[in-house]
Amino acid sequence: MKVAILYYSKTGHTLEAAKAIAQGIKEQKSEVDLINVNNLEISILKIYDAYIVGSPCWAGSLSKNGVASPIRKAFKKIPGNLFKSKLCGAYSIFAATGGENTVKTLNQLLKSKGCSDVIEGPIAKAGTPFSITKGSSIQKDDLELFKNFGKTFVQ
Ligand SMILES: Cc1cc2nc3c(=O)[nH]c(=O)nc-3n(C[C@H](O)[C@H](O)[C@H](O)COP(=O)(O)O)c2cc1C
């Protein structure tokens, strides 16, 4: 299976989780590419069998929405049926509250692009509110959760 992890990361935590997921995927002998949505070329997306989207929680506690704006912008460019019949997953990193709202919104965004099979992956705490500084890192146990998510996602 060939997996694309589409992520945005301002201070590096969502990227760190993406790397842990990728490690799990590779351990199952599947292929994986990490794609920063700011560098996303829509035409390349069709080569993948499965997609995982990772977003830091942005205003997840206030609006119950919580997806970072670069991810939203990327979804606006993705054709309506691109994820049809594909396996999809979502995860989020948050500093205080709202990460579960981010994952739920990512689930809806993936469904809006045709995916009927979205796996809601882990959320973990890291960083600081509004990412004013990089703040604390993802805990080791949480990195393990992301790695295991990658493993089971491709099984
Ligand atoms: C505009 C903005 C809004 C944010 N809103 C929230 C929030 O509602 N709840 C929360 O727990 N963290 C919030 N954060 C903090 C980030 O989710 C957190 O620092 C995360 O670790 C950043 O991930 P990154 O390093 O991949 O960018 C916000 C950060 C920014 C920049």
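**Ligand pocket, aromatic cluster and cysteines**

The ligand sits in the largest pocket. The model behind this picture is a predicted one, and everything below is read from it. Around the ligand there are 22 residues, and the closest of them are S9, K10, T11, T14 and A96.

Backbone atoms of the protein come up against the ligand at several points. A96, already named among the closest residues, places a backbone N or O atom 2.5 Å from an oxygen atom of the ligand. H13 does something along these lines too, with a backbone N or O atom lying 2.9 Å from a ligand oxygen. At A59 the partner is a nitrogen atom of the ligand, and the distance to a backbone N or O atom of that residue is 2.8 Å. As for how much of the ligand ends up covered, the protein takes care of 91% of the 650 Å² of accessible area that the ligand has on its own.

Turning to the aromatic side chains, the structure holds 6 aromatic pairs. One of them joins Y48 and Y51, whose rings meet edge-to-face, with 6.2 Å from centre to centre and 65 degrees between the planes. Both tyrosines are tucked away from the surface: Y48 is buried at a relative accessible area of 1%, and Y51 is buried at 0%. Another edge-to-face pair brings together F75 and F83, with the centres 6.3 Å apart and 65 degrees between the planes. Here again the partners are buried, F75 with a relative accessible area of 5% and F83 with 0%. These two pairs do not stand apart, since ring pairs link Y48, Y51, F75 and F83 into a cluster. Burial in each case follows from the cut-off of under 20% relative accessible area, and the 5% of F75 falls under it.

The cysteines tell a plainer story, as the structure holds 0 disulfides. C115 is worth a look here: the closest cysteine sulfur to its own is that of C88, and the two are 3.2 Å apart. A disulfide needs the sulfur atoms within 2.5 Å, so the sulfurs of C115 and C88 are too far from each other for a bond. C115 is also buried, with a relative accessible area of 3%. C57 is buried as well, in its case with a relative accessible area of 16%, a value that still comes in under the 20% limit.

Technical notes
Residues numbered from 1 in each chain as written. Predicted model: local features only at pLDDT ≥ 70, side-chain atom pairs only at ≥ 80, totals over all residues. Heavy atoms only, no water. Phe/Tyr/Trp six-rings, centres within 6.5 Å; stacked < 30°, edge-to-face > 60°. Buried < 20%, exposed > 50% of the residue type's maximum accessible area, 1.4 Å probe, protein only. Near = heavy atom within 4 Å. Polar contact = N/O pair within 3.5 Å; in protein donor to acceptor, adjacent residues only side chain to side chain. Areas by Shrake-Rupley, 256 points an atom, 1.4 Å probe, with all protein chains shown as cover. 1 Å grid on protein atoms, 1.4 Å probe; cavity = no way out; pocket = protein on both sides within 12 Å on 5 of 7 lines; lining within 4 Å. Sits in = over half its atoms within 2 Å of the grid points.
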